[in-house]
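Good morning, and thank you for coming. I would ask you to open the sequence and the structure and to keep both in view while I speak.

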Amino acid sequence: MSVGTKRSYEVSQFRDPRAELTRLQRQTVVMADAEEAALRRLAFPEEGRVLDVGCGPGFVAARVGAARPKVTIVGVDSDAEVLRRVPPGIETVEADAHALPFTTGEFVGAYARLVLRHLARPDAAVAEMFRVIAPGGRILVLDSDDGALVLDPWPAGFAGVLAAKQETARRRGGNPFIGRRLAALLENAGFQDLVAAPLCVDSITIGAAAFAHVVLSPVADAIDEDLMPREDVARAARAVGEWATGHQSFGMTTAVAIGARKPP
Ligand SMILES: C[S@@+](CC[C@H](N)C(=O)[O-])C[C@H]1O[C@@H](n2cnc3c(N)ncnc32)[C@H](O)[C@@H]1O
């Protein structure tokens, strides 16, 4: 870790950090079409400097940039390790989302994807995004909400491991139910003209194996040991694997994506 204290999400906290990077990449791929449609619907900028807050290894920045050749993407992340993996063509800055090292109004737009749920002060981070976006510029925030998860059946031990994961996140200031708060966060920061573009991810469309990998597997990982012994977490992870190949396993969740505009 390079900035601040223990964070609610850091790739190095996972049993196998390389596998977590692979998961992030697959997640980008399965959500790509729906996200692109959402970006168009939200009139996201097609040119100028755009900020990606919590860009991670840059899979999303690469995709967004490839679809918008006139956009320059600047990726910010507090984790120097993941920033080293960002592909060329994307500027990177190691910084904390709560205190962005940019001047006021420097960007035509900004987005934060699956990041706010991990922040101790998401309101401060959104206020910073408001500050660095130019008047009339666009924001997009996308995040999950654990309350949106529908499973049938539930993998054995999954309810327990989910509760332990949520408590691990809360201890670090994270909020696993942030999806429902996104609209209020944007409004409170001063954004207007909110547009919602919910993104449904389900096991019929992407397959149960991909759903288990992208949505369920990170739950059974990176949990404080005093909350759940390692063997129990491993058992739940195996149950997720069995769920993925099970007859008629169904899973669905909805990521909340909200776009808005800084007043002109
Ligand atoms: C779940 S990953 C999402 C990465 C990327 N946005 C994506 O959608 O694939 C969350 C990212 O937020 C970063 N992060 C967590 N806390 C942060 C903070 N306080 N400031 C900046 N980045 C942070 C993590 O290092 C990680 O790369």
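In which helix is Thr245 found? Thr245 belongs to helix 9, which covers residues 230-245. Please note at the outset that what we are viewing is a predicted model.

Let us remain with Thr245 for a moment. Is Thr245 buried or exposed? A residue with 12 or fewer other C-beta atoms within 10 Å of its own is called exposed. Thr245 has 10 C-beta neighbours inside 10 Å, and therefore it counts as exposed. Now locate Ala208 as well. Thr245 and Ala208 are separated by 37 residues in sequence, yet their C-alpha atoms are 7.1 Å apart in space.

This brings us to a pair of helices. Helix 8, residues 208-216, packs against helix 9 with the two axes 7 Å apart and an angle of about 150°. How, then, should we describe their directions? Angles over 145 degrees count as roughly antiparallel, and helix 8 and helix 9 are therefore roughly antiparallel to each other. Their crossing is right-handed.

The loop between helix 8 and helix 9 contains Ala222. As general background, most residues other than glycine have a negative phi, and most peptide bonds are trans. Ala222 is not a glycine, yet its phi is positive, at about 50°. Is Ala222 buried or exposed? A residue counts as buried if 20 or more other C-beta atoms lie within 10 Å of its own. Ala222 has 20 such neighbours inside 10 Å, so it counts as buried.

Let us follow the chain past helix 9. Gln248 is located in the loop between helix 9 and strand 9. Gln248 also has a positive phi, near 60°, and is a residue other than glycine. Only its surroundings remain to be described: with 8 other C-beta atoms within 10 Å, Gln248 is exposed.

We now arrive at strand 9, residues 250-261. Why is strand 9 described as largely enclosed by the rest of the structure? The reason is that 9 of its 12 residues are buried.

Which strands pair with strand 9? I shall take them in turn.

Strand 5, residues 133-143, pairs with strand 9 in the antiparallel sense over 6 bridges. Within this pairing, you may find Leu140 opposite Gly259 of strand 9.

Strand 6, residues 150-152, runs antiparallel to strand 9 and is joined to it by 3 bridges. Here Asp152 has Phe250 as its bridge partner in strand 9.

Strand 7, residues 192-196, is likewise antiparallel to strand 9, with 3 bridges between them. Gln192 has Arg261 as its bridge partner.

Strand 8, residues 199-202, runs antiparallel to strand 9 and is linked to it by 4 bridges. Leu199 is matched with Ala255 as its bridge partner in strand 9.

While you trace these strands, please recall a general point: in a regular strand the side chains alternate between the two faces of the sheet.

Let us return to Asp152. Which residue does a cis peptide bond join to Asp152? That residue is Pro153, and omega is about -5°. Pro153 is placed in the loop between strand 6 and helix 5, the latter being residues 158-171.

Next, please look at strand 4, residues 107-113. How many of its 7 residues are buried? The count is 7 of 7, and the strand is mostly covered. Strand 4 runs parallel to strand 1, residues 47-53, and 4 bridges join the two. Asp52 has Tyr111 of strand 4 as its bridge partner. Strand 4 also pairs with strand 5, in the parallel sense, over 6 bridges. Gly109 is found opposite Arg138 of strand 5.

A second pair of helices deserves attention. The axes of helix 4, residues 122-132, and helix 6, residues 182-189, come within 9 Å and cross at roughly 50°. That angle makes helix 4 oblique to helix 6. The crossing of this pair is right-handed.

Finally, we consider the ligand. Which of the 22 residues around the ligand come nearest? They are Gly54, Gly56, Ser78, Asp79 and Ala97. Helix 1, residues 17-41, and helix 2, residues 59-66, are the elements that give two or more residues to the shell around the ligand. By class, this shell consists of 10 nonpolar, 6 polar and 6 charged residues.

Thank you for your attention.

Methods: Residues numbered from 1 in each chain as written. Predicted model: local features only at pLDDT ≥ 70, side-chain atom pairs only at ≥ 80, totals over all residues. Near = placed C-beta within 6 Å. Nonpolar A, V, L, I, M, F, W, Y, C, P; charged D, E, K, R; others polar. Pairing = 2+ DSSP bridges. Axes fitted to C-alpha atoms, helices over the stretch in contact; angles between N-to-C directions. Parallel < 35°, antiparallel > 145°, perpendicular 65-115°, else oblique. Left-handed = near helix turned anticlockwise from the far one by under 90°.
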